[in-house]
Amino acid sequence: MVADDRKYTEEHEWILVEGETGTVGVTEYAAGELGDVVFVELPEVGGDVNIGDAVGTIESVKAVADLYAPVSGEILEVNEAIVESPELVNTDPLEGGWMFKVRLADSSELERLLDAKAYQGLIGG
Amino acid sequence: MVSEIEPTLQRTSLSAWHESHGGRMVPFAGFLMPVQYATGVLAEHAAVRERVGLFDISHMGEIRISGEGAEAWLDGLVTNTLGGIAPGKVVYTAMCREDGGVLDDMLVYRLAAADWLVVCNAVNRVKIVAWLRDHLPAAGARLEDVSDATALIAVQGPQALPLIERSGTLAGSRDDIAGLAFYTGLQARVKDDRWIVSRTGYTGERGYEIYLPAASAPALWEELLARGADLGAVPVGLAARDTLRFEVGYCLYGHELAEDISPLEAGIGWAVKFKKAPYVGLEALRRQKEQGIRRRLTGIEVEGRAIARQGATVLAGERAVGRVTSGNFSPTLRQSLALALLEQPLPAGALTVEIRGRRLPCRVVPHPFLPARVKGDPRAERELPA
């Protein structure tokens, strides 16, 4: 069962919202599908992003995937630890493998995202 | 998952084992093959560099050729020298078209005076069998495509020999296998069958390849994994097979080699002989050599956190000077590296490689990226940058 404390996108990202700040990462399913992640490129802190923008890339031995902004807002912080240790995306995708934090511009956008049950349905099972 | 994959894909005698042991199955060259297992590509890669890994490469094509005329005939179709080699010897060679383009790269085994085995890439098997049949002399040589009946298990890594020496199945040939020199093979009697064991591989590590009847493969596979557990033996999928061969500069057909690439351009000129009996492609290759080749396989290191994959354009200033044939993260060196076919001579000035619309700086580096790990391995001889 996927974690029910957060919301999900159809691009297999999660966002955990606390107040005005959303922490974003990729799901265990996405990390498993990508396989061993070897490079992560993250957005610039301070930049504004729109919902659905490609804001970074996650590259594994086998493939490369875009990282999308699940909501609009300002990038507050990025996880430098995964730049140095990209394997965190595989070993700890929901905690230590987080990608960036964003200040939500419009919290009503969250209603467009999937809850845990809907996301579980998306990935099957 | 499995049911979603095209039913037309061929299975090996080990496909069911892979599926039930966490193998992620993908279509490859018409076969359903494991690209990786649950522990992942990096762990599998490290296992082969540091310990030992098992590969199911039963998709490869095996063609038996026999007859008194086989030696001269086969020698006339390949770039390396087969004429006069001793039984037991294995030769890496290209097979070319008249214009020097590569039909395939392959291993040729001389099993006995008039008995040969050609091992070609799965993707080219139909083409190579047809090419051989088209060129078959009226008498003196016969060929048989035994690919479907033949399984191939590669055992690769520093612990490969200790592992094989533990095999009860191969016990009757233990000392002979231990005595195999690089690029030699033997026929091992196992029950009523003759298996072929050679000291060859596609990883740069010390290793062995075992050709056996398809029906016998699952038992040997399980025996080797069980007896090798404390040596760290693990099954290894195609993704790590690719990163392993990439680091040591072995060509992959469809990447570094193709019908529009010559073996001289691809850096396997050491397997192209000019002082041997005439063969298909010789004149074209001789002309290329005399006139100078116009492009050469070159190692590059990408600066930045991105992989330059096959097809990425390499530029000198604003001008395209070639394209990437293979690119990946090197698990051993932890760098983003690529092999690229680049024009010769390379213009002076900074190089970039275009990855998803961005130009990242890159530089020419020696390849193979890892120096030869097995003494006398010509496929892993370093070519210094021009």
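# Exercises on a predicted two-chain model

From the N terminus on, the elements of chain A run β-β-β-α-β-β-β-β-β-α-α-β-α. Helices (H or I, at least four residues) and strands (E, at least two) are DSSP runs, numbered from the N terminus. This is a predicted model: local features need pLDDT of at least 70, side-chain atom pairs count only at pLDDT 80 or more, and totals for chains, interfaces and linings use all residues. Residues are numbered from 1 along each chain as its sequence is written, while chains are lettered from A and ligands numbered from 1 in the order in which they are written.

## Exercise 1. Chain A

Task: Count the helices and strands of chain A, then decide how compact the chain is.

Solution.
- Step 1. Chain A has 4 helices and 9 strands.
- Step 2. The radius of gyration of chain A is 13 Å. That radius is taken over C-alpha atoms.
- Step 3. The globule rule is 2.2 Å times the number of residues to the power 0.38. For 125 residues the rule gives 14 Å, close to the value of chain A, so chain A is as compact as a globular protein of that length.
- Step 4. Along the principal axes, the C-alpha atoms of chain A fill a box of roughly 35 × 35 × 20 Å.
- Step 5. Of the 125 residues of chain A, 43% count as buried. A residue is buried if 20 or more other C-beta atoms lie within 10 Å of its own, exposed if 12 or fewer, and partly exposed in between; C-beta atoms are placed from the backbone.

## Exercise 2. Where the chains meet

Task: Describe the side of chain A that touches chain B.

Solution.
- Step 1. The contact takes 10 residues from chain A and 11 residues from chain B. Two residues are in contact if their C-beta atoms, placed from the backbone, lie within 7 Å.
- Step 2. Strand β4 (residues 37-41) of chain A gives the largest share of its side, 4 residues.
- Step 3. The side of chain A divides into 5 nonpolar, 1 polar and 4 charged residues. Ala, Val, Leu, Ile, Met, Phe, Trp, Tyr, Cys and Pro count as nonpolar, Asp, Glu, Lys and Arg as charged, and the others, Gly among them, as polar.
- Step 4. For the complex, the predictor gives an ipTM of 0.88 and a pTM of 0.94.

## Exercise 3. A covered helix

Task: Find which residues of helix α2 of chain B are buried, and what covers them.

Solution.
- Step 1. Helix α2 (residues 41-50) of chain B is mostly covered, with 7 of its 10 residues buried.
- Step 2. The buried residues are B:V41, B:L42, B:E44, B:H45, B:A47, B:V48 and B:R49.
- Step 3. Their cover includes β2 (31-36), β3 (53-56), β9 (150-156), β13 (234-235) and α8 (238-247) of chain B.

## Exercise 4. Two domains of chain B

Task: Locate the domains of chain B and describe how domain 1 touches domain 2.

Solution.
- Step 1. The assignment gives domain 1 (2-60 + 149-247), domain 2 (61-140) and domain 3 (294-380). Such bounds come from an automatic or database domain assignment.
- Step 2. The centres of domain 1 and domain 2 of chain B, taken over C-alpha atoms, are 24 Å apart.
- Step 3. Domain 1 of chain B puts 15 residues into the contact, and domain 2 of chain B puts in 13 residues.
- Step 4. On the domain 1 side, β10 (185-190) and β11 (193-198) of chain B each supply at least two residues. The largest share, 3 residues, comes from β10(B).
- Step 5. That side divides into 7 nonpolar, 8 polar and no charged residues.

## Exercise 5. Unusual backbone

Task: Find where the cis peptide bonds and positive phi values of chain B listed below lie.

Solution.
- Step 1. Recall the background: most residues other than glycine have a negative phi, and most peptide bonds are trans.
- Step 2. The bond from B:Q344 to B:P345 is cis, with omega near -10 degrees. B:P345 lies in the loop between β17 (335-343) and β18 (351-355) of chain B.
- Step 3. B:H367 and B:P368 are also joined by a cis bond, with omega about 0 degrees. B:P368 is in the segment after β19 (358-365) of chain B.
- Step 4. B:K191 is not a glycine, yet has a positive phi of about 50 degrees. B:K191 sits in the loop between β10 and β11 of chain B. With 10 other C-beta atoms within 10 Å, B:K191 is exposed.
- Step 5. B:R356 has a positive phi near 50 degrees. Its place is in the loop between β18 and β19 of chain B. B:R356 has 12 C-beta neighbours inside 10 Å, so B:R356 counts as exposed.
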